[in-house]
Amino acid sequence: MHSIKKILKTAGLFLLLTALLSTGLAALYFRGECFLYQDAREREALSGSVTTLGCGSSNMYFGFRPDVMDAALGGRSYNLSGLLVSMGGRLELLRLELARNPVRTVLLEVSAETLVRDRAEEGPEGDLQLLGRLEGKERLSFFLHNFPLSEYPAVYYDVVSKGIDNALRLLEGSYQTRNEFLRDGYYPNAQKDVYISTWVLDNYHTATLSTAIRPENVEALKQIAALCREQGAELILINTPKTEFYDARYDNLDYFRAWYTGFAAAEHIDYYDFNLYRQKHKLLDDQQHFGDETHLSDSGAAIFTGFLAEILSARAEGRNLEPLFYLDYEARDWGVGYLY
Amino acid sequence: MSILSVSFLLFILGLCLVYFLVPKRFQWWVLLAFSLGFYALGGLLSLPWLLLTALSAWATARYIQDRADAEKAFLAAHKAELSKEERSARKAKGKKTRRRALTLCILLNVGVLCVFKYVHFLLAQANALAGLFGGEVRDSVRWIVPLGVSFYTFQTLGYLCDVYWGKAKAERNPLKLLLFTSFFPQITQGPISAWNDLSAQLFAPHSLDYDSFSLGAQRLIWGFFKKMVAANILSGYVSDVFANYGSYSGLATFLGALCYAAQIYADFSGYMDIMCGLCQILGIRLTENFERPYFSKSVAEYWRRWHMSLGVWFKNYVYYPIAVSKWNQRLGKWAKKRLGKAFGNYLPATLALVVTWLATGLWHGASWGYIAWGGVNGLFIIFSMWMEGPYAKWKKALRIRESAWLWRAFQVGRTFLLVTFIKVLPEVGSLRDGLGLWKRIFTEHSLPHSLSELLPFVGDRRPLLAVLFSVGLMFLVSLLQRKGSVRALLRRRVPYLLRICVFVFLFFLILYFGVPASGGLGDFIYAQY
Amino acid sequence: MDELLEILNDINPDVDYETEDRLIDGKVYDSFSIITLISNISETFNIELGPEHLIPENFNSAAAMWKMIQSILDEE
């Protein structure tokens with residue numbers, strides 16, 4: 001008996017000290033904004049003034065420039081996107097921001113990958129970043145609803161090790177509580193040394209995207225549509241422009257275009273695929289305006305946001321936008337000159 | 001199941017709980033169940049081979065024991081009637097029968113071991129040979145080597161030999177022998193235990209005891225620290241050096257070799273600490289495998305302090321049987337007459353050593369590199385045995401005092417360098433790669449101009465600091481261990497709460513440095529045996 | 001017994017064989033010396049020593065060795 005009591009006391013103290021230290025480190029992580037994606041304080045500062053939200057994954061994260069949008073259309077935009085943000089994550093962020101801002105327009109970025117992404121296969125990285133972006137009870141509820149029990153050790157490790165990173169930053173004097181990487185949620189994608197093939201024609205229709213659409217992604221998309229209706233914001237689905245190389249390479253992009261068009265019609269919202277924008281291949285050059293196959297660079301983002309703003313402005317005026325876009329990818333391939 | 005996983009932590013937590021909750025007479029059943037479960041998780045298809053070894057050894061040992069007992073009883077009962085010759089004849093016949101059973105079982109199990117371990121090596125040699133005649137032997141074998149086959153086969157055959165030699169009594173319960181064979185803390189990397197030692201531990205009742213828990217848990221955490229922080233970060237450096245030494249300076253390559261020496265010690269002894277710590281919590285004492293080996297003063301001594309259980313096994317079951325065998329003794333006598341006293345004394349031992357060391361090399365790996373490694377080690381030991389006399393004379397002439405601090409430091413340094421060079425040889429890749437690395441160290445003499453040139457294999461700075469800290473700590477602990485148990489020292493000198501803080505600190509170091517370093521890198525090095 | 005002591009002193013003269021009883025456990029005799037010891041004992045006393053006799057209890061002291069030799073001789 002005496003042994004067991006002593007053992008419990010020692011083990012208990014060990015766990016208690018570990019828990020205390022872990023809590024302190026977690027606080028250091030959550031309080032600070034030393035990580036790329038942490039923008040809670042920025043969003044809070046803006047709350048009450050945001051009129052346009054751009055939300056998506058990395059395509060939108062690197063592609064939507066709020067400063068260009070605001071210069072063209074007025075109002076106040078914010079880029080809610082993030083790397084690897086799951087559909088559930090997007091829903092959570094939109095719910096939060098729509099509740100505290102007079103948002104009129106929500107630009108939701110959607111692509112083929114968005115529907116096909118499998119959270120179980122991808123792992124918790126995207127949701128872990130969201131844990132670092134949310135605050136207080138939203139964070140707790142997001143944690144409880146989006147992580148299976150088997151991922152709890154991974155969450156613990158992520159939060160505590162980032163806390164230790166921050167503790168070391170504190171010692172070095174580089175601990176920051178305001179995000180210095182993003183501009184209104186937008187991340188400027190510097191031109192990288194990633195090789196983008198110029199052999200577009202040689203790679204024409206040589207690959208196929210997976211069409212295994214996951215029901216949970218569709219469900220989250222429906223919930224986002226419902227949320228926007230509820231909050232009186234207009235939801236517009238957009239597919240950001242990719243490189244010509246990407247657009248030419250995959251042979252089943254029309255499958256997803258058709259899917260989104262159908263979904264948009266059912267939900268009575270609009271869907272714009274900017275890969276089908278007739279000016280796209282003239283305005284955006286693969287080598288100059290993209291960081292890699294699918295992501296715009298900083299200069300490309302400025303151009304894209306520019307013509308996105310034009311489209312939105314024309315739309316607001318009630319003009320017919322159909323002549324500005326190709327009907328589908330096959331028509332586009334004819335128009336651009338891949339087919340003779 | 002990987003040792004470095006949350007699943008393993010839950011596994012051992014479950015084991016400890018169940019072990020101390022069941023009535024003491026069922027404790028070994030719990031060990032058996034968890035051991036078989038652990039083994040099945042590692043590879044269900046390998047389980048039949050493990051069972052084959054355990055059951056064949058159990059049956060053979062019982063047979064041998066029964067025959068020996070029957071013979072003894074018979075001879076005792078008929079003491080008066082039998083003449084001396086009749087007794088000898090009977091004894092010889094009995095011995096022959098028992099020996100035949102022993103040989104069969106050994107051949108079966110060693111055969112299985114060799115087939116799995118050496119099939120690729122033999123096919124490669126056959127292919128090379130066939131190539132000389134323009135032919136080809138293709139290796140399309142995809143068998144999975146049973147987990148821990150090298151360890152459990154040796155451990156079980158050791159039991160069998162002990163029964164044959166009358167050093168141990170055959171176990172009547174096959175399940176008990178199965179536990180001895182499959183005991184999971186030992187199955188992947190040893191230590192190889194003797195039946196008398198381990199069975200006394202496994203089948204005795206154990207109560208939950210604070211000291212065992214506390215000391216065991218400390219050792220467990222220390223083991224994870226060594227393994228995940230020191231060994232796994234170093235393994236990144238070592239892989240880099242082994243792949244790229246061709247473009248590194250000799251000095252950088254040499255530092256890489258030193259990293260390997262530290263890594264393999266931290267990895268292997270860290271694993272031992274984890275398992276010994278776990279067993280200590282359960283009240284079981286495992287054989288030690290390491291005794292500050294890098295403080296050895298000679299290669300022979302090194303092998304008495306590194307992977308000790310393997311050395312003891314080879315000594316008891318290969319070296320001694322060969323050295324004291326009749327033909328070897330006869331050879332010794334002949335050598336004494338023809339070649340002098342020294343030859344007479346040393347020749348049997350030398351032959352036994354040659355066989356022992358080539359076998360040790362082969363056991364470590366199926367390649368010419370490992371055979372060469374075994375041979376080089378053996379050569380050093382044989383050489384030092386022959387040179388014992390002359391060495392003593394030279395030391396006297398040079399007036400070197402054995403106990404002098406400087407001399408001992410020289411011996412330790414020299415041995416460490418020798419042992420590091422030897423152990424690196426088979427690890428780089430093929431034998432040629434190993435020799436290439438040696439050549440690089442000795443022939444490339446450029447001096448580095450910057451830290452990154454000196455340590456081109458180091459990436460981020462923080463893990464390097466963690467490595468330096470952990471290796472430094474290991475060195476300090478080793479120094480302190482010479483005087484006695486470090487954990488006992490902690491208990492005497494460090495207050496209770498502060499001691500807990502020390503281990504909490506180690507836990508966070510393991511979390512911050514060890515987890516990223518263990519993402520797939522540096523699996524326990526000896527686990528493929 | 002004298003013959004045994006002669007063999008022992010030949011291998012390692014610095015040991016007091018009357019009192020020393022940890023020749024194996026105390027690592028006074030290493031594995032080379034043991035081999036020499038065994039070959040000399042088997043030659044001198046004309047007995048067969050096998051691995052079954054190689055237990056520390058038999059070799060830890062001169063007295064233990066003598067006892068072992070006697071028991072082997074008795075059995076024959």
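## Exercises on a predicted three-chain model

Chain B is divided into domain 1 (24-205), domain 2 (206-286 + 429-529) and domain 3 (295-427). Keep in mind throughout that the model is predicted. The predictor gives the complex an ipTM of 0.91 and a pTM of 0.90.

### Exercise 1. Domains 2 and 3 of chain B

Describe how domain 2 of chain B meets domain 3 of chain B, and say which helices of domain 2 supply the contact.

*Solution.*

- Step 1: start with the spacing. A distance of 28 Å separates the C-alpha centres of domain 2 of chain B and domain 3 of chain B.
- Step 2: move to the contact. Domain 2 of chain B brings twelve residues to it, and domain 3 of chain B brings eleven.
- Step 3: look for the helices on the domain 2 side. Helix H10 (250-282) and helix H18 (431-443) of chain B each supply at least two residues there. The largest share, five residues, comes from H10(B).
- Step 4: sort that side of domain 2 by class. Nine residues are nonpolar and three are polar, while no charged residues appear.

### Exercise 2. Helix H20 of chain B

Take helix H20 (residues 461-481) of chain B and compare its expected span with the distance between its ends. Then work out how its buried residues are arranged around the axis.

*Solution.*

- Step 1: compute the span. H20(B) has 21 residues, and at 1.5 Å a residue it should span 30 Å. The multiplication uses one less than the number of residues.
- Step 2: compare. The end C-alpha atoms of H20(B) are 30 Å apart, which agrees.
- Step 3: list the buried residues, using the cut-off of 20 or more other C-beta atoms within 10 Å. In H20(B) these are Pro463(B), Val467(B), Ser470(B), Val471(B) and Met474(B).
- Step 4: look down the axis. The buried residues of H20(B) fall within an arc of 95°, so they line one face of the helix.
- Step 5: turn to the other side. There Arg461(B), Leu465(B), Leu468(B), Gly472(B), Leu476(B) and Leu479(B) are exposed.
- Step 6: find the cover. Helix H9 (210-244), H10 and helix H22 (496-517) of chain B are among the elements that cover the buried residues of H20(B).

### Exercise 3. Contacts between the chains

Which pair among the two pairs of chains that touch has the most contacts? Characterise chain B's side of the contact with chain A, and then look at chain C.

*Solution.*

- Step 1: rank the pairs. Chains A and B have the most contacts.
- Step 2: count the residues. In this contact, 15 residues of chain B meet 15 residues of chain A.
- Step 3: assign chain B's side to helices. H9 and H22 of chain B each supply at least two residues, and H22(B) gives the most, with nine residues.
- Step 4: classify that side. It divides into 13 nonpolar residues, one polar and one charged.
- Step 5: turn to the contact of chain C with chain B, which takes 14 residues from chain C and 16 residues from chain B. On chain C's side there are seven nonpolar, five polar and two charged residues.
- Step 6: check the remaining pair. Chain A and chain C do not touch, and their nearest C-alpha atoms are 35 Å apart.
- Step 7: add the confidence of chain C. Its average pLDDT is 84, and 99% of the residues score at least 70.

### Exercise 4. Backbone details in loops

Locate Leu84(A), Asn46(C) and Pro191(B), and describe the backbone at each.

*Solution.*

- Step 1: Leu84(A) lies in the loop between strand E2 (77-79) and helix H5 (87-100) of chain A. Its phi is near 55°, a positive value in a residue other than glycine.
- Step 2: decide how open Leu84(A) is. A residue is buried at 20 or more C-beta neighbours within 10 Å and exposed at 12 or fewer. Leu84(A) has 19, so it is partly exposed.
- Step 3: Asn46(C) sits in the loop between helix H2 (31-45) and H3 of chain C. Asn46(C) is not a glycine either, yet has a positive phi of about 55°. Asn46(C) counts as exposed because it has 9 C-beta neighbours inside 10 Å.
- Step 4: Pro191(B) is in the loop between helix H7 (184-187) and helix H8 (195-202) of chain B. The peptide bond from Gly190(B) to Pro191(B) is cis, with omega near 5°.

Notes: Residues are numbered from 1 along each chain as its sequence is written. Chains are lettered from A and ligands numbered from 1 in the order in which they are written. This is a predicted model: local features need pLDDT of at least 70, side-chain atom pairs count only at pLDDT 80 or more; totals for chains, interfaces and linings use all residues. pLDDT is the predictor's confidence in each residue, from 0 to 100. Two residues are in contact if their C-beta atoms, placed from the backbone, lie within 7 Å. Ala, Val, Leu, Ile, Met, Phe, Trp, Tyr, Cys and Pro count as nonpolar, Asp, Glu, Lys and Arg as charged, and the others, Gly among them, as polar. Domain bounds come from an automatic or database domain assignment. Helices (H or I, at least four residues) and strands (E, at least two) are DSSP runs, numbered from the N terminus. The arc is that of the directions from the helix axis to the C-beta atoms.
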